Amino acid sequence: MTKNVLFIMCDQLRWDYLSCTGHPHLHTLNIDALAARGVLFDRAYVQSPICGPSRMSFYTGRYVASHGSTWNGIPLKVGEMTLGDHLRTLGVRTALCGKTHMTADVEGMKRLGLSPDSKIGALVSECGFEPYEREDGLHPDGPRYPRNTAYDQFMKNRGWPDENPWETVANSAEDVDGNILSGWFMDNADKPARAADEESETPYITSRAMDFIREAGDTPWCLHLSYIKPHWPYIVPAPYHDMYGPETHLDPVRSEAERDTPHPVYGAFMEERVSRAFCDDGTRTRVLTAYMGLIKQIDDQMGRLMAFLDEQGLTEETMIVFTSDHGDYLGDHWMGEKELFHDASARIPLIVVDPRAEADATRGQTSSALVEAIDVVPTILDYFGGEAVPHIIEGHSLLPLMHGQTDKLRDVAVSEYDYSMRDVRRRLGVEVKDAKLTMLFDGRWKYIFAEGFRPMLFDLQNDPDELTDLGADPAHAEECARMEKLLFVWARRTSQRTTRSDAWIAARDPSLGEAKAGILIGYRNEAELREVLGTRAGCDTKSDKAP
């Protein structure tokens, strides 16, 4: 049987904005159906709570400190192996429809003589994916962000004469006088986008994914279907724009005490423009109306896509991974956007459907195991029968959990954030090298190490909403010290020796390997060398003959 993988990622989808993860009003029936067919991993965390670094960890299976792409626009080093690199050796066509937020290491490619328009150069530039259609979903007017000419042509064929239909049609509304109202402005979030549903980004890229699947035929494939939504601009076409009024919105999770004496870094992020905007109830209401509509649109496209797999006869041979690159504060903790480590931001939905009989025992279950974004690559590699490469991939395959072979993969989940590119760093007077945060979560205690500041600490057993920071409480100093030791253990891992595995090193003969190669260190004379080599040879011979 041919194996395929459909690796679906949403952008900025919170873990708790699905009905299968507990939202009482947002009924995501098609995503719920995926959870019923597979395993819902209820405690999944990203390796960084911002698009670029998170995705580079998803695609490499490596922590941010290992792959080095620490913020949006920081290139992924040319030598980093990605999902496509691992799968191509197995004969699997690995392609992209949608977003990666990848920035190519142009200088590294020049140094190695790799042309971006060569076969290898194109793959390196596109994070290891064959770019069937890259759609990063940000195409404002101006030279910085390239346009998707395929989408522009699609909209032109639909009768839109706009120069930039992404900006003025898919992500704008209009008033009764025909004036265009930009979706960038949050005051317009509850208005219908000018585009019809089928013209907007989510249905469009779903259609392109179907095109790829038809074209791939019997060749094993791994398709990364990566949606830009429900990421901002927060705007959605009819009929989704008014499906979820204020009566369906959850109250913000926040307390006045959080603003009294916050951790300096947290306090600085609360002062960001987007955070102050989400503290306005009217703005938050308008955004939530659109945000929930965008999720419902994604869910409807999941139903369309799963029906297509059924029609193509591919359902029983296709693993499905459904997830998000990070969450969205949406006003929780007096914050907008993402970037810090409350569950609203760093925790993600993760559903994996393994169609094989080996996964039947856990089908429909919810796993409470701590899992990370870096577990996706080794899971897909394992599914295709590839050998584990733990000296390169730092995550763990989820299949042992799904096949009932274990109930635990790790003791702590780790996430990192480099805020050097944010104005927060300047306002705090922090040097670029010190603008770093590292989170460890052991299932109860969430600890954030902040270079140059005291730590943050949350007890999710007694404070599941993460409203009380215990990092400055002397009564919890021992807990902070324990978590700091765990951070030190994690930081001491070997992560840069990717060219040789532990198994390769262990198989070497450390005592006689050099002598056999003619490197004679420490021998006093030839007789001693002959004695040692002869003795060892005799031992090797006896070992060979032993039963």
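Two residues are in contact here when heavy atoms of the two lie within 4.5 Å. With that in mind, open the model, which is a predicted one, and follow the stops below.

**The whole chain**

Begin with the entire chain displayed as a cartoon, in which 20 helices and 15 strands can be picked out. The radius of gyration is 26 Å, close to the 24 Å that the globule rule gives for 547 residues, so the chain is as compact as a globular protein of that length. Turned onto its principal axes, the C-alpha trace spans about 100 × 60 × 50 Å.

If you colour by relative accessible area, buried residues make up 56% of the 547 residues. A contact map adds that, of the contacts with a separation of 6 or more, 72% are between residues 24 or more positions apart. Switching to a surface, you are looking at about 23,400 Å² of exposed area, of which carbon and sulfur atoms supply 52%. Colouring by charge then brings up 59 positive and 87 negative side chains, and the centres of these two sets lie 6 Å apart.

**Strand β1, at Asn 4**

Select Asn 4, which is found in strand β1, residues 4-10, and which counts as buried at 1% relative accessibility. Now add Thr 318: although the two residues are 314 apart along the chain, their C-alpha atoms are separated by 4.6 Å. Beyond the neighbours within four places in sequence, the contacts of Asn 4 include Thr 219, Pro 220 and Trp 221, as well as Leu 314, Glu 317, Thr 318 and Met 319. Tyr 383 and Phe 384 are also among the residues in contact with Asn 4.

**Helix α9**

Move next to residues 201-216, helix α9, whose 16 residues should span 22 Å at 1.5 Å a residue; the end C-alpha atoms are 22 Å apart, which agrees. The helix is mostly covered, with 12 of its 16 residues buried, and among these are Tyr 204, Ile 205, Arg 208, Met 210, Phe 212 and Ile 213. What do the buried residues of α9 pack against? Showing the surroundings brings up the strands β3 (93-98), β4 (130-134) and β7, together with the helices α7 (149-157), α8 (165-170) and α12. Gly 217 follows α9 and has a positive phi, near 60°.

**The loop between β7 and α10**

From β7 (221-226), trace the loop that leads to α10 (264-270), and stop at Pro 230. The peptide bond from Lys 229 to Pro 230 is cis, with omega near 10°. Pro 233 lies in the loop between β7 and α10 as well, and a cis peptide bond with omega of about 0° joins Trp 232 to Pro 233. As a background for these two stops and for the loop after the next helix, most residues other than glycine have a negative phi, and most peptide bonds are trans.

**Helix α12**

Select residues 281-311, helix α12, for which the 31 residues should span 45 Å at 1.5 Å a residue; the end C-alpha atoms are 45 Å apart, in agreement. Of these 31 residues 22 are buried, so α12 is largely enclosed by the rest of the structure. Just after α12, Gly 313 takes a positive phi of about 70°.

**The loop between β8 and α13**

Which residue in the loop between β8 (318-324) and α13 (343-346) should be selected next? It is His 333, which has a positive phi of about 55° although it is not a glycine, and which is buried with a relative accessible area of 3%. Glu 339, found in the loop between β8 and α13, also has a positive phi without being a glycine, near 85°. Is Glu 339 buried or exposed? At a relative accessible area of 3%, Glu 339 is buried.

**Strand β10, at Leu 350**

Finish at Leu 350, in strand β10, residues 350-353, where the relative accessible area is 2% and the residue is buried. Leaving aside neighbours within four places in sequence, Leu 350 is in contact with Val 39, Leu 40, Phe 41 and Ala 44, with Val 321, Phe 322 and Thr 323, and with Val 371, Val 376 and Leu 398. For a final distance, pick the C-alpha atoms of Leu 350 and Ala 238, which are 112 residues apart in sequence and 28 Å apart in space.

Technical notes:
Residues are numbered from 1 along each chain as its sequence is written. This is a predicted model: local features need pLDDT of at least 70, side-chain atom pairs count only at pLDDT 80 or more; totals for chains, interfaces and linings use all residues. Side-chain values use heavy atoms; hydrogens and water are left out. Helices (H or I, at least four residues) and strands (E, at least two) are DSSP runs, numbered from the N terminus. The radius of gyration is taken over C-alpha atoms; the globule rule is 2.2 Å times the number of residues to the power 0.38. Buried means under 20% relative accessible area, exposed over 50%, partly exposed in between (1.4 Å probe, protein chains only). Accessible areas come from the Shrake-Rupley method with a 1.4 Å probe; for residues, only the protein chains shown count as cover. Lys and Arg count as positive and Asp and Glu as negative; His and the chain ends are not counted. The place of a charge is taken as NZ of Lys, CZ of Arg, CG of Asp or CD of Glu. The expected span of a helix is 1.5 Å times one less than its number of residues.
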